[in-house]
Amino acid sequence: MTRLEIKHVEEVLSVMVDQPLRDITRAGAMVVADFGELVEVDTAILDESGRPLRDENGRRISQMSMKGKYTLDALCSMRFSCGDEVIFAKSDMFLPTEEIAGSSDFIWDTFDWHIRGNNFFDVAIAKHFGGEFSDYIVKSVKANKFGDLTITFKSGFILELFADGSGYSENWRFGEINSVKPIIALTGNGIDIEAS
């Protein structure tokens, strides 16, 4: 990215500064983080694999819930750290929990990371946050020439996204949770003009 694009990304994402992290979850292998004031959202009810439940007519089953106003979707590599400790990272999704891995009948070829609670990522989030995200207020957001993002929290925690896709591969996107189109998206070729 050019210096002008970096400045644009930081300006767009600056709406997160002084806002709380409300939630971190995943949709398949995509990490989803919600920030900002709570807004009511029509949310799909998911099965244990994270797929939307559907009624007998194929319509999505949903419910109203409260989410942060802004969403940051990471399709690229990411990690959440504090000091010298990595709390969790995206690759943890593909690792079984200690309980599953320690089972005498565990077989890697049959391990299903999609099932909620089966992987280390899900367990780390539940253990670390326990539903309490209000201690994580965004202090700053920085981008670099590759489109990597560093979100620093006032409590000393850091959320980093590492753009690891080239070409038109989407690395991350940021937008308002109730909007269909993201405010900004980053591909391996830079900012996606169609999304901005």
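Two strands count as paired if DSSP finds at least two bridges between them. Keep that in mind as you look through these close-ups of a predicted model.

**View 1. Strand 6 and strand 7 meet in a hairpin.** These strands run antiparallel and are joined by 5 bridges. Find Val141 and you can look across to its bridge partner in strand 7, Ile151. Between the strands lie 5 residues, and Gly147 in this hairpin takes a positive phi near 90°.

**View 2. Strand 7 also forms a hairpin with strand 8.** Here 4 bridges hold the antiparallel pairing with strand 8, residues 157–162. Leu149 has Leu161 as its bridge partner in strand 8. The hairpin has 3 residues between its strands, and Gly156 in the turn has a positive phi of about 100°.

**View 3. Strand 7 has two faces.** In a regular strand, side chains alternate between the two faces of the sheet. Leu149, Ile151 and Phe153 make up the covered face of strand 7, while Thr150 and Thr152 make up the uncovered one.

**View 4. Phe153 sits among many neighbours.** Among the residues it touches are Leu21, Phe35, Phe80, Tyr136 and Ile158. Phe153 is also one of the residues with the most contacts inside the largest nonpolar core, which has 40 residues.

**View 5. Helix 1 has a buried face.** Ile6, Val9, Val12 and Leu13 are the buried residues of this helix. Seen down the helix axis they fall within an arc of 130°, so they line one face. They pack against several strands, including strand 7 and strand 9. On the other side of helix 1, Arg3, Leu4 and Lys7 are exposed.

Terms used:
Residues are numbered from 1 along each chain as its sequence is written. This is a predicted model: local features need pLDDT of at least 70, side-chain atom pairs count only at pLDDT 80 or more; totals for chains, interfaces and linings use all residues. Side-chain values use heavy atoms; hydrogens and water are left out. A nonpolar core is a set of buried Ala, Val, Leu, Ile, Met, Phe, Trp, Tyr and Cys residues joined through side-chain atoms within 4.5 Å. Buried means under 20% relative accessible area, exposed over 50%, partly exposed in between (1.4 Å probe, protein chains only). Contact means heavy atoms within 4.5 Å. The arc is that of the directions from the helix axis to the C-beta atoms. Lists of a residue's contacts leave out its neighbours within four places in sequence.
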